[in-house]
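Student: I would like a close look at a single helix of this protein and at the parts that surround it. Please take it slowly and keep the pieces connected.

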Amino acid sequence: MLNFKYIAWTSIAIFIILLICEPILYVSFWWYMLLFSVFFWLVLIGSFSMSWKLFLKGFTSKTNIQTKKIAITFDDGPNPKYTPIVLQLLKDYEAKASFFCIGRQVEKNPEILKLIYDESHDIGNHSYTHSNTIDFKSTEGWLEELKHTDQAIFKVIGEKPTLFRPPFGVTTPHLAKAIKVTGHQVIGWNIRPFDMAIKYREVILKRILKQVKPGSIVLLHDKHEHIEFVLEQLLQFLKKQNYEMVTINELINET
Ligand SMILES: [Zn+2]
């Protein structure tokens, strides 16, 4: 797996070799530009791809799993309109799931968080603000985001979450340093249907169904009107296929 230190040191080594060889091989400026471009794009793409594990080790699926277990996850709640609908569907289909909650939303909707907890679903930290510029935060800024949300959740359920999902799935060196301090387990996904961006709910559903396999983690959002249709159809399909819908913690601990 690619690692940021490995990429950085390899780039530095190639840079030094280019410098040494310059007088003998007439290395042009464009070789340096090429090296910089490759480094830049690898780091940029790696920041958006948690499965590369560039800055930190995130759990994105369970490989080599012997049972038909799958983890459905919901980001950006708790939401007063859609989270109760999701909870009812999960109950109807005897499914467990995981909710990655935004601290601000927790403070606005503590009673919904309590409902999630009472139904024995996993609750994870998904930052406090989830702002569009969150990925530019310093380590201290990230620590504030993480701790503030942990406290908001603790106030309602009396437990601090051990799981964390980065907003937008982006990881940075500053976030990695903050996670080293807080000790959260970072959770990604391997099925992303873009339920917040795609207009047609049937398309969203199809994108999930064609990727489903044991050990998968599905990313959904409990804050959009499509969630009721998509989740119900997905649960029906999984039931028919004899899947067990489990929490992230259960999937992690599966042998
Ligand atoms: Zn989010």
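Tutor: Directly after helix α3 comes E94, a residue whose phi is positive, near 50°. The model is a predicted one, and these backbone angles are read from it as they stand. Helix α3 itself spans residues 83–92, and within it T83, V86, L87, L89 and L90 are buried. Viewed down the axis of α3, these buried residues fall within an arc of 165°, and they therefore line one face of the helix. As background to that pattern, an α-helix has 3.6 residues a turn, so residues three or four places apart point the same way. What lies over the buried residues of α3 includes the strands β2 and β3, the latter formed by residues 98–101, together with the helices α5 and α9, of which α9 runs over 227–240.

On the other side of α3 in sequence, the loop between β2 (69–75) and α3 holds P80, and P78 has its place in that loop between β2 and α3 as well. The peptide bond that joins G77 to P78 is cis, with omega at about 0°. P80, for its part, touches N109 and I112 when residues up to four places away in sequence are left aside. The C-alpha atom of P80 is separated by 17 Å from that of M196, a residue 116 positions away along the chain.

Helix α5, one of the elements that cover the buried residues of α3, comprises residues 110–118, and its axis comes within 9 Å of the axis of α6, residues 139–157, with a crossing angle of roughly 70°. The two helices, α5 and α6, are therefore roughly perpendicular to each other. Their contact is made by P110, L113, K114 and Y117 on the α5 side and by I153, V156 and I157 on the α6 side. Sorted by character, the residues of this contact between α5 and α6 comprise 6 nonpolar, no polar and 1 charged.

The strand β7, residues 217–221, includes H221, which counts as buried because its relative accessibility is 12%, below the 20% limit used for that class. Leaving out residues up to four places away in sequence, H221 touches D75, D76, D195, M196 and I227. Of these partners, D75 belongs to β2, which runs over 69–75, while I227 belongs to α9, residues 227–240, and both of those elements are among the ones that cover the buried face of α3. H221 and F100 lie 121 residues apart in sequence, yet their C-alpha atoms are 9.3 Å apart in space.

Two further residues may be set beside E94 for their backbone angles. F194, a residue other than glycine, has a positive phi near 55°; F194 sits in the loop between β6 (185–187) and α8 (201–209), and at 37% relative accessibility F194 counts as partly exposed. K53, which is not a glycine either, has a positive phi of about 55°; K53 is found in the loop between α2 (29–48) and β1 (58–59), and with a relative accessibility of 26% K53 counts as partly exposed.

As for the wider setting, the protein is divided into domain 1, residues 4–48, and domain 2, residues 58–253. The centres of domain 1 and domain 2, taken over C-alpha atoms, are separated by 38 Å.

Note on methods
Residues are numbered from 1 along each chain as its sequence is written. This is a predicted model: local features need pLDDT of at least 70, side-chain atom pairs count only at pLDDT 80 or more; totals for chains, interfaces and linings use all residues. Side-chain values use heavy atoms; hydrogens and water are left out. Domain bounds come from an automatic or database domain assignment. Helices (H or I, at least four residues) and strands (E, at least two) are DSSP runs, numbered from the N terminus. Contact means heavy atoms within 4.5 Å. Axes are lines fitted to C-alpha atoms, for helices over the stretch in contact, and angles run from 0 to 180 degrees between N-to-C directions. Angles under 35 degrees count as roughly parallel, over 145 as roughly antiparallel, 65 to 115 as roughly perpendicular and the rest as oblique. Ala, Val, Leu, Ile, Met, Phe, Trp, Tyr, Cys and Pro count as nonpolar, Asp, Glu, Lys and Arg as charged, and the others, Gly among them, as polar. Buried means under 20% relative accessible area, exposed over 50%, partly exposed in between (1.4 Å probe, protein chains only). The arc is that of the directions from the helix axis to the C-beta atoms.
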